[in-house]
Amino acid sequence: MQCEKCGSARVQLASNVYRRGQRHAARHLLTGLVQAPAAPAYAAAGTAARLASPPRMRSPLTPILGFVAVAILLCLSGRLGWIGTALAGLFLVGTLAALAANSVHNRTAYPDAYRRWKNSYLCLECGQVFEHRD
Ligand SMILES: [Zn+2]
């Protein structure tokens with residue numbers, strides 16, 4: 001197999017690169033904290049692992065925490081008044097819409113993105129991530 005961009009044969013399965021990078025980071029966490037600049041091998045492994053990282057599911061926590069933060073700010077501001085109440089209602093609707101959008105993404109787009117990632121390769125020469133097609 002060759003890289004689609006540069007033609008190099010130095011390609012590895014992205015999931016393997018990512019797992020190896022995670023193990024490498026965990027193993028060198030303490031030494032990385034003790035030694036000021038990271039060793040080149042550590043930095044290279046970290047960069048490769050970042051390039052080969054899997055897609056992430058969207059968390060429901062982000063919109064909920066945003067809503068809680070705004071609710072606290074509105075409560076701390078004293079009397080809400082009709083404008084504050086309208087803003088809180090608008091923000092609640094926005095939060096519910098964000099939760100629904102995250103849920104739809106996690107059920108529809110995420111599984112496909114994860115499947116593509118599982119079939120993806122990382123070029124160790126140029127950093128290109130590409131999906132393997134037969
Ligand atoms: Zn390449």
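**Entry 1: the chain as a whole**

I began with the contacts in the chain between residues at least 6 apart in sequence, and I noted that 75% of them join residues at least 24 apart. I keep in mind throughout that this is a predicted model. Next I looked up burial, and of the 134 residues of the chain, 11% count as buried. For the secondary structure I wrote down 6 helices and 3 strands, and reading along the sequence I found the pattern β-α-α-α-α-α-α-β-β.

**Entry 2: the sheet**

I then asked myself in what order the 3 strands are arranged in their sheet. The order is E1-E2-E3, the sheet is open, and the pairing is antiparallel. I marked strand E1 (11-13) and strand E3 (129-131) as the edge strands, since each of them pairs on one side only. On average, neighbouring strands of this sheet are turned by 35 degrees against each other, with direction ignored. As a reminder to myself, strands of a sheet pair through backbone hydrogen bonds, either parallel or antiparallel.

Taking the pairs one at a time, I found that E1 and strand E2 (residues 120-123) are joined in the antiparallel sense over 3 bridges, and that Val 11 stands opposite Cys 123 in E2. On the other side, E2 and E3 also pair in the antiparallel sense, over 3 bridges, and here Tyr 121 has Phe 130 in E3 as its bridge partner. I noted that E2 and E3 form a hairpin with 5 residues between them, and that Gly 127 in the turn has a positive phi of about 85 degrees.

**Entry 3: Cys 123**

Is Cys 123, which I had already met in strand E2, buried or exposed? Cys 123 is buried, because 22 other C-beta atoms lie within 10 Å, and the cut-off for buried is 20 or more. Leaving aside its neighbours within four places in sequence, I listed its contacts as Cys 3, Lys 5, Cys 6, Ser 8, Arg 10, Val 11 and Gln 128. Val 11 is thus on the list of contacts as well as being the residue opposite Cys 123 in the sheet. I also looked up a distance to a remote part of the sequence: the C-alpha atoms of Cys 123 and Ala 48 are 75 residues apart along the chain and are separated by 9.2 Å.

**Entry 4: Met 1**

I turned to the start of the chain, where Met 1 is found in the segment before E1. Met 1 is exposed, because its count of other C-beta atoms within 10 Å is 11, and 12 or fewer counts as exposed. Not counting residues up to four places away in sequence, Met 1 touches Val 11, Tyr 121 and His 132. For Met 1 and Tyr 121 I wrote down a separation of 120 residues in sequence and of 9.4 Å in space, C-alpha to C-alpha.

**Entry 5: helices H4 and H5**

I checked the helix lengths next. Helix H4 (residues 61-76) has 16 residues, which should span 22 Å at 1.5 Å a residue, and its end C-alpha atoms are 22 Å apart, so the two values agree. Helix H5 (residues 81-107) has 27 residues and reaches 39 Å from its first C-alpha to its last, close to the 39 Å expected at 1.5 Å a residue.

How many of the 27 residues of H5 are buried? The number is 1, so H5 lies largely in the open. H4 is hardly covered either, with a count of 1 buried residue among its 16 residues.

I then looked at how the two helices meet, and found that H4 and H5 pack at an angle of about 170 degrees, with their axes 9 Å apart. They are therefore roughly antiparallel to each other, because angles over 145 degrees count as such. From H4 the residues that take part are Pro 63, Ile 64, Gly 66, Phe 67, Val 70, Ala 71 and Leu 74, and they meet Gly 84, Ala 88, Phe 91, Leu 92, Thr 95, Ala 98 and Leu 99 in H5. Sorted by class, this contact has 11 nonpolar, 3 polar and no charged residues.

**Entry 6: between the two helices**

Last, I followed the chain out of H4, where Gly 78, just after the helix, takes a positive phi of about 100 degrees. Leu 80 lies in the loop between H4 and H5, and with 13 C-beta neighbours inside 10 Å it counts as partly exposed. Leaving aside its neighbours within four places in sequence, I found Leu 80 in contact with Leu 74, Thr 85 and Ala 88. Among these, Leu 74 and Ala 88 are also in my list for the contact of H4 with H5.

Methods. Residues are numbered from 1 along each chain as its sequence is written. This is a predicted model: local features need pLDDT of at least 70, side-chain atom pairs count only at pLDDT 80 or more; totals for chains, interfaces and linings use all residues. Helices (H or I, at least four residues) and strands (E, at least two) are DSSP runs, numbered from the N terminus. The expected span of a helix is 1.5 Å times one less than its number of residues. Two strands pair if DSSP finds at least two bridges between them. Axes are lines fitted to C-alpha atoms, for helices over the stretch in contact, and angles run from 0 to 180 degrees between N-to-C directions. Angles under 35 degrees count as roughly parallel, over 145 as roughly antiparallel, 65 to 115 as roughly perpendicular and the rest as oblique. Two residues are in contact if their C-beta atoms, placed from the backbone, lie within 7 Å. Ala, Val, Leu, Ile, Met, Phe, Trp, Tyr, Cys and Pro count as nonpolar, Asp, Glu, Lys and Arg as charged, and the others, Gly among them, as polar.
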